[in-house]
Amino acid sequence: MTTRRVVAFGGGHGLSASLRALRHCAPELDLDITAVVTVGDDGGSSGRLRAERGGLPPGDLRQALVALAGDHPATRRSAGLFQHRFAAVPVGVPRSDGTDPGPAAGDDPGPDGPARHGAALRGTDGASAGGDGLAGHAVGNLVLCGLMELLGDPVAALEHAGAMLGAVGRVLPMSRQPVGIEARVRGADPAAPDEVRTVTGQHQVAVTTGRVESLRLTPSAPPACAEAIEAIRAADWLIFGPGSWYTSVLPHLLVPQLADAIVSTSARRLVTLNLAAEKETLGLSVADHLAALHWYLPELKVDLVLADAKAVGDPEPVERAAESLGARLVLAPVAVVDGTPRHDPAALGAALVPVLGADR
């Protein structure tokens with residue numbers, strides 16, 4: 001059986017779904033899987049670690065590693081550990097060692113003694129209002145942060161973490177340095193629907209209620225991960241999506257060295273479309289998602305666009321948008337059966353087998 005080298009781009013849950021689907025392609029296909037992950041996250045646990053310790057935000061990298069974790073019970077347990085997120089310890093509730101954490105510094109004791117803040121409320125960044133430093137952090141994020149500091153190289157850290165999880169593929173950052181994401185957004189303030197403002201930070205762009213009109217990275221030309229460029233050049237297939245279009249998919253096209261490799265490689269290219277619009281893409285049609293790829297990388301040519309027929313609706317405008325990229329539209333039932341806009345890894349894998357397995 002011929003090994004097919006596949007490079008999947010993205011971040012977060014979308015990339016995780018794509019990687020799990022590729023896992024489902026076995027045993028029909030022998031795939032060599034590489035995930036190239038965005039490094040712009042600045043929210044939640046990743047944002048806290050990035051702000052406090054520097055280095056790459058680990059959350060999306062962790063998600064990709066877990067999606068590729070081996071099937072041995074021990075590695076599955078390790079994958080569960082990586083995903084475990086520390087909950088806040090409520091003030092006044094004894095710890096496992098029997099001690100009482102007591103009120104945190106800054107809590108205002110009420111008339112009866114206990115802090116009025118009560119059960120240490122968790123902030124929007126996942127941190128506990130009671131000062132619990134672990135609250136909201138995923139264990140895998142801390143492990144990756146520690147490995148990156150210990151080894152001094154994020155690629156080496158990811159290789160080691162992959163070995164810990166028995167990963168059946170490789171996870172690489174799109175750059176060894178973190179990036180910022182900025183968008184020009186029309187109507188970011190509902191009170192000024194025609195005003196265009198700059199929204200800064202991946203998290204803020206992801207939750208904006210306005211319409212994103214342009215996107216850029218800071219710095220504008222971050223150095224691409226050399227190992228990612230090598231993987232792209234050696235690949236048989238490149239897969240973009242599903243995932244948050246502006247904050248997980250398009251950023252790869254904005255790294256000049258990555259973009260050059262994506263355009264110049266002999267690999268075939270596939271785009272997996274989302275099942276529903278997210279906050280950051282409200283107002284964008286399915287066809288607009290494909291047009292955005294051309295807008296940010298005009299030289300990009302695509303071979304196939306994979307979409308769910310129910311999510312697409314009228315296929316004609318999507319077919320035209322696919323053809324403008326040089327691609328053919330393939331429709332397949334790839335959503336979970338409960339009606340939520342999530343890809344079913346088994347169904348998506350079944351749709352990918354005949355595509356990835358086809359000869360040129």
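**Exercise 1. The aromatic pair**

Is Phe9 buried or exposed, and what is its relative accessible area? Classify the ring contact of this residue as well.

*Solution.* The model is a predicted one, in which local features need pLDDT of at least 70, side-chain atom pairs count only at pLDDT 80 or more, and totals for chains, interfaces and linings use all residues. Residues are numbered from 1 along each chain as its sequence is written, and side-chain values use heavy atoms, with hydrogens and water left out.

Step 1. Buried means under 20% relative accessible area, exposed over 50%, and partly exposed in between, with a 1.4 Å probe and protein chains only. Phe9 has a relative accessible area of 1%, so this residue is buried.

Step 2. Rings of Phe, Tyr and Trp (its six-membered ring) pair if their centres lie within 6.5 Å; planes under 30 degrees apart count as stacked, over 60 as edge-to-face and the rest as tilted. One aromatic pair is found when the whole structure is searched. Because the ring centres of Phe9 and Phe240 are 4.7 Å apart and the planes stand at 5°, the pair is stacked.

Step 3. Helices (H or I, at least four residues) and strands (E, at least two) are DSSP runs, numbered from the N terminus. Phe9 belongs to strand 1 (residues 3-10) and Phe240 to strand 7 (residues 237-240); the pair thus links distant parts of the chain, 231 residues apart.

Step 4. Phe240 has a relative accessible area of 2%, and therefore is buried.

**Exercise 2. The seven-stranded sheet**

State the strand order of the open sheet of seven strands and describe the pairing of strand 1 with strand 2.

*Solution.* Step 1. Two strands pair if DSSP finds at least two bridges between them. The open sheet of seven strands runs in the order 3-2-1-7-8-9-10, with parallel pairing.

Step 2. Strand 3 (169-173) and strand 10 (328-331) are the edge strands, each pairing on one side only. From one strand to the next, the twist averages 20°; axes are lines fitted to C-alpha atoms, for helices over the stretch in contact, and angles run from 0 to 180 degrees between N-to-C directions.

Step 3. Eight bridges join strand 1 and strand 2 (residues 30-37) in the parallel sense. Thr3 has Asp30 in strand 2 as its bridge partner, and Val6 stands opposite Ile33 in strand 2.

Step 4. Strand 2 is mostly covered, with six of its eight residues buried.

**Exercise 3. The three-stranded sheet**

Determine the order of the open sheet formed by three strands, and place Gly180.

*Solution.* Step 1. The order of the three strands is 5-4-6, and the pairing is antiparallel. Strand 5 (196-200) and strand 6 (211-218) are the edges, each pairing on one side only.

Step 2. Strand 4 and strand 5 pair in the antiparallel sense over five bridges; Glu182 stands opposite Thr200 in strand 5.

Step 3. Gly180 lies in strand 4 (residues 180-186). Its relative accessibility is 17%, so Gly180 counts as buried. The C-alpha atoms of Gly180 and Gly40 are separated by 5.4 Å, although the two residues are 140 residues apart along the chain.

**Exercise 4. Two pockets**

Compare the linings of the largest and the second largest pocket by residue class.

*Solution.* Step 1. On a 1 Å grid over the protein atoms alone, a cavity is a set of points where a 1.4 Å probe fits but cannot get out, and a pocket is an open set with protein on both sides within 12 Å along at least five of seven lines; lining residues have an atom within 4 Å of a point. Grid points are joined across faces, edges and corners, and a volume is the space filled by probe spheres set on the points.

Step 2. The largest pocket holds about 960 Å³ of space. It is lined by 41 residues, of which Gly12, His13, Gly14, Ser244 and Glu278 are the closest to its centre. Helix 1 contributes the largest share of this lining, six residues.

Step 3. Ala, Val, Leu, Ile, Met, Phe, Trp, Tyr, Cys and Pro count as nonpolar, Asp, Glu, Lys and Arg as charged, and the others, Gly among them, as polar. The lining of the largest pocket divides into ten nonpolar, 23 polar and eight charged residues.

Step 4. The second largest pocket has a volume of about 230 Å³. Of its 14 lining residues, Leu275, Asp308, Lys310, Ala335 and Val336 are the closest to its centre. Nine lining residues of the second largest pocket are nonpolar, two polar and three charged.
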